[in-house]
Amino acid sequence: MNRGQQHLSWSKNSNESARNMKGVMFTVSTFLLLNTVLFFSMFYFSVSQERGGLSFTMFGDRHRFLESDIAESYLDLIDVGINHINRSGNQVVFNFSSLYEVSPSADYQSKITEYENFLEGLFERKTNLEIDASLVPDFTISPYNISFDTEGSVFYIYTDSTDMVNTYSITVQTNKLKNESSGSGKPGHSGPGYQYINVTILASDGQMIVSDERRLDPAQINDPFYSDFDDGSSINVTFGQINGLDGGLMVRVSGLTATINETVLIYNAAGNVFLEAGDEYSIKIGGISHDKLVLGFE
Amino acid sequence: MRGYIFTLDAILAALAALVMITAIYFFVSGTQSADWSKVNLNSQILDSLAVLELNDDLKNAVLAGSNTTLNTFLNSMFPEPACGYIQLRNSTDSLHVHSLKTGCSRTGRDEVFIARRTFIVGEDIYYAMMEGWYE
């Protein structure tokens, strides 16, 4: 092989090597590009699978929305307003802005029943949800089952754990004027260490008729804080043993209407507290049954 | 001999490409596309009704027999480019107050999200119905 032939062979090998290199580069870049697309599609697929729960989440949103809707309307129907639920250590303060109207003509069960019928009738048809409601106009604070109940001219608060509630403060506004009051009174002290009870009875124009505080034995039948009026009507607020149960608080009216305004309960509870509709509550939405309607929580 | 190697190489490359393209097709076709703007709109109308009730705007609109507060809400608080329409009806389904966001039309809508919420005025039961859509 002469020099010319050698040069030609070298040049030929060099070209072939460059072509091979280009081929390898093409293969590698194609492989990388396809891999990129593959990984991207795998990622998109996995994200999409996570979104698969979306319809369920939206159903859950709708469910929770309806429950909060019912809770809100329920509180409005029974005239209950919550200012705040605060905690300081183990002590929880429940502050209500309103609590029922106490009157011989008050009939919360009828209002609740009308609402139930509305939910199960027109509202069910409109929303295309299966709603089966059974509501009662009383509610409880958990834990310790502090129950709030009303029967026309009487309002009760009971608790399963008397010792845990250390303060009741209640303000009741009557539909009477102060100068119509013929007399008022309060119970005697039971002694230090007992529950602190603060009662204010207001006239219709906001003037104070009774405002006093006492420490009362929850196991005793105590005298009431009361106010009598010229027309024979009266209002009593009693704490102690009521209807055989210790630690009850009762507001009873005769011949007048009273609205329970600000009410504060302070009690000891280590765990989370919440407010729920009474024991007989049940609601079925879209085939799923719930027996708790949470009205508020800390 | 070179020809065989070239052919074999080409077949292997084609096979590899086919496998990858098939895998990509599998993953892409298995995805479910979700339109988040629609999900957001659904949440927005649910939240809007809750806010209107908690602010007593629904109650006040019924008491005043006026849609002013609802108009203000839809035009200032309900985000563009969403459209909204609110009706307030009583327990016998009679229309009391309604409001349509300015610049929106209820005709020719593609997809409409609807939410309803009950509320109490005095002792009377009402419900609000809100429609949301994109124009």
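## Leu15 of chain B

Leu15(B) is exposed, because just 10 other C-beta atoms lie within 10 Å and a residue counts as exposed at 12 or fewer. This is a predicted model, so please read the details here with that in mind. Leu15(B) belongs to helix α1 of chain B, which covers residues 2-29. Where does Ala64(B) sit relative to Leu15(B) in space? The C-alpha atoms of Leu15(B) and Ala64(B) are 74 Å apart, although 49 residues separate the two in sequence.

The domain assignment offers a helpful frame for chain B: domain 1 takes in 1-33 and domain 2 takes in 36-134. Between the C-alpha centres of domain 1 and domain 2 of chain B there are 55 Å.

## Where chain B meets chain A

How many residues does each chain bring to the contact? Chain A brings 29 residues and chain B brings 27. On the chain B side, at least two residues come from each of α1, α2 (36-54), β3 (113-121) and β4 (124-134). The element of chain B that gives the most is α1(B), with 7 residues.

Sorted by class, the side of chain B that touches chain A holds 15 nonpolar residues, along with 7 polar and 5 charged ones.

## Confidence in chain A

Now let's turn to chain A. Its mean pLDDT is 86, and 91% of the residues of chain A reach 70 or more. Which elements of chain A mark the two ends of the confidence scale? Helix α1 of chain A (residues 3-50) has the lowest mean pLDDT, 75, while strand β11 of chain A (residues 225-229) has the highest, 96.

## A six-stranded sheet in chain A

One open sheet of chain A is built from 6 strands in the order β1-β2-β14-β7-β9-β10, with mixed pairing. At its edges lie β1 (81-88) and β10 (208-216) of chain A, each of which pairs on one side only. From one strand to the next, the twist averages 10 degrees.

To follow one pairing in this sheet, look at β9 of chain A (residues 195-202), which is antiparallel to β10(A) and joined to it by 8 bridges. Opposite Val199(A) you will find Asp212(A) in β10(A).

## A three-stranded sheet in chain A

Another open sheet of chain A has 3 strands in the order β3-β16-β17, and here the pairing is antiparallel. The edge strands, each pairing on one side only, are β3 (131-134) and β17 (288-290) of chain A. On average, neighbouring strands of this sheet are turned by 15 degrees against each other, direction ignored.

Strand β16 of chain A (residues 282-285) runs antiparallel to β17(A), with 3 bridges between them. Ile285(A) has Ile288(A) in β17(A) as its bridge partner.

## Strand β5 and its two hairpins

Which side chains of β5(A) are buried on one face? Along this strand (residues 146-151) the side chains alternate: Ile146(A), Phe148(A) and Thr150(A) share a face and are buried, whereas Ser147(A), Asp149(A) and Glu151(A) point to the other face and are not.

Strand β4 of chain A (residues 139-142) is antiparallel to β5(A) and joined to it by 3 bridges, with Ile141(A) opposite Ile146(A). The hairpin of β4(A) and β5(A) has 3 residues between the strands, and Tyr144(A) takes a positive phi near 75 degrees. Strand β6 of chain A (residues 154-158) also pairs with β5(A) in the antiparallel sense, over 5 bridges. Here Thr150(A) stands opposite Phe155(A). The hairpin of β5(A) and β6(A) has 2 residues between the strands, and Gly152(A) in the turn has a positive phi of about 65 degrees.

How values were computed: Residues are numbered from 1 along each chain as its sequence is written. Chains are lettered from A and ligands numbered from 1 in the order in which they are written. This is a predicted model: local features need pLDDT of at least 70, side-chain atom pairs count only at pLDDT 80 or more; totals for chains, interfaces and linings use all residues. Two strands pair if DSSP finds at least two bridges between them. Helices (H or I, at least four residues) and strands (E, at least two) are DSSP runs, numbered from the N terminus. Axes are lines fitted to C-alpha atoms, for helices over the stretch in contact, and angles run from 0 to 180 degrees between N-to-C directions. A residue is buried if 20 or more other C-beta atoms lie within 10 Å of its own, exposed if 12 or fewer, and partly exposed in between; C-beta atoms are placed from the backbone. Two residues are in contact if their C-beta atoms, placed from the backbone, lie within 7 Å. Ala, Val, Leu, Ile, Met, Phe, Trp, Tyr, Cys and Pro count as nonpolar, Asp, Glu, Lys and Arg as charged, and the others, Gly among them, as polar. Domain bounds come from an automatic or database domain assignment. pLDDT is the predictor's confidence in each residue, from 0 to 100.
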